[in-house]
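Thanks, everyone, for making the time this morning. I would like to walk through one model with you, beginning with its strands and then turning to the helices.

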Amino acid sequence: MNSDTPVEDQTDHPGEPVAVVAAGAIPWRLNKGALEVLLIHRPRYDDWSWPKGKLDAGETVPECAAREVWEEIGLRAPLGIPLPAIHYHVSAGLKVVQYWAAKVNGEPLRPDGKEVDSVMWCSPDRAASFLSNPTDVKPLEYLEKAHVRGELDTWPLILIRHAKAKPRSSWTKAEGDRPLAATGQRQAIAVQRLLDVWKPQRLVTSPWTRCVATIAPYAKASGAKVKLVEALTEHHHQRSPKKTAAAIEALFDKQLPIAVCTHRPALPTALKQLGQHMPQNLRAVLPSADPFLSPGEVIVCQVARGSERKIVSVEQVKPFDD
């Protein structure tokens, strides 16, 4: 799926323009081994639903989901697997809501009191009976099936193409020192906001300036550990793609949220290596033509926790471009 265009699945409304874009999450936890999900009650509508809200100007759809979960219930959980989008009509026209799963690890929840006055943990079956909007059952059913398959509890592995750099033609010094353009510097700030949705704890990057500068704002804001890997540079990839592939493979080792930043020429090798850990239907959605990703764009892979390096979802997301 591509989170930058969450309206791609409009089976029930083919060709109808989308008037309202919104996003949210289904918080979930295991209670004595049993799956539970969190419903919220909205006094304004007197209904039970999931934390969600409309897209603000200047944010991507995943950022909207994370922000709404924080604003409505005080939860800063990273987003997990994407869930099916739902479509329904409101007064303005067709509305699409993109959902993600969000694991709650015992963090306290703080409903804001105004938009949300009550929350309720319950089984998926009980949640389905309480939901006021019947379409909200669709992402719930997907979440429950993912749990049964062992594909709900995941950690993110994120591939980043560095932000826009100054043109090669105008740079006379060492290629590894070529810096970000002014647009690229703005993109790096946008990448910071995007990465905060998934909260990688470790950052692996080509040591060339334009890659380091792309992840620097997030590294500074989050305190994530940064590792420089020569095999991710353009020159090392040209000499030994196998070493670049090995650097990508090593991202799985600690089974912790991680992001890697590299260059356009290395992307096919990185994507091919990631593709070895996913089923054919996911490999089919990976970008396959040059330039593979635009500057600052990311691929978010969710890896099933405790699995043999099994990728269970793929998202391609562009940072907000001003």
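Before I point at any pair of residues, let me say that two strands are taken here to pair if DSSP finds at least two bridges between them. With that in mind, Leu 157 stands opposite Ile 258 in E11, and this belongs to a set of five bridges that join E8 to E11, the two strands running parallel. Please keep in mind throughout that what you see is a predicted model.

Let me now place those two strands in their sheet. The sheet is open and has six strands in the order E10-E9-E11-E8-E12-E13, with mixed pairing. Strand E10, residues 225-228, and strand E13, residues 311-317, stand at the edges with a single partner strand each, so one side of each is left without a neighbour in the sheet. On average, and ignoring direction, neighbouring strands of this sheet are turned by 20° against each other.

The pairing on the other side of E8 is with E12, and there the two strands are antiparallel over seven bridges, with Val 298 in E12 serving as the bridge partner of Ile 160. Further along, strand E9, residues 202-205, runs parallel to strand E11, residues 258-262, and is joined to it by four bridges; in that pair, Thr 205 has Cys 261 of E11 as its bridge partner.

How many residues of E8 are buried? Eight of its eight residues are, so to speak, out of view, that is, buried. Both faces of the strand are covered, with Thr 154, Pro 156, Ile 158 and Ile 160 buried on one side, and Trp 155, Leu 157, Leu 159 and Arg 161 buried on the other.

That brings me to the helices that pack on this sheet. Helix H4, residues 182-198, touches strand E8, residues 154-161, together with E11, strand E12, residues 298-304, and E13, and its direction makes about 165° with that of E8. Helix H5, residues 209-222, lies across E8, E9, E10 and E11, and runs at about 170° to E9.

These two helices also meet each other: the axes of H4 and H5 come within 8 Å and cross at roughly 50°, and H4 and H5 are therefore oblique to each other. Their crossing is right-handed. On the H4 side the contact is made by Ala 188, Ile 189, Val 191, Gln 192, Leu 195 and Asp 196, and on the H5 side by Ala 213, Thr 214, Pro 217, Tyr 218 and Ala 221. Sorted by class, that contact has eight nonpolar, two polar and one charged residues.

A second helix pair is worth showing alongside. Helix H7, residues 241-249, packs against helix H8, residues 267-275, at an angle of about 50°, with the axes 9 Å apart; H7 and H8 are therefore oblique to each other, and H7 passes H8 in a right-handed crossing. In this contact, Pro 241, Thr 244, Ala 245, Ile 248 and Glu 249 of H7 meet Thr 269, Ala 270, Gln 273 and Leu 274 of H8, which by class amounts to five nonpolar, three polar and one charged residues.

Finally, a hairpin from earlier in the chain. E5 and E6 form this hairpin with two residues between them, and E5 pairs with strand E6, residues 93-103, in the antiparallel sense over seven bridges, Val 90 having Gly 93 of E6 as its bridge partner. Seven of the nine residues of strand E5, residues 82-90, are buried, so E5 is largely enclosed by the rest of the structure.

Definitions and conventions. Residues are numbered from 1 along each chain as its sequence is written. This is a predicted model: local features need pLDDT of at least 70, side-chain atom pairs count only at pLDDT 80 or more; totals for chains, interfaces and linings use all residues. Side-chain values use heavy atoms; hydrogens and water are left out. Axes are lines fitted to C-alpha atoms, for helices over the stretch in contact, and angles run from 0 to 180 degrees between N-to-C directions. Angles under 35 degrees count as roughly parallel, over 145 as roughly antiparallel, 65 to 115 as roughly perpendicular and the rest as oblique. A crossing is left-handed if the near helix is turned anticlockwise from the far one by less than a right angle, and right-handed if clockwise. Contact means heavy atoms within 4.5 Å. Ala, Val, Leu, Ile, Met, Phe, Trp, Tyr, Cys and Pro count as nonpolar, Asp, Glu, Lys and Arg as charged, and the others, Gly among them, as polar. Buried means under 20% relative accessible area, exposed over 50%, partly exposed in between (1.4 Å probe, protein chains only).
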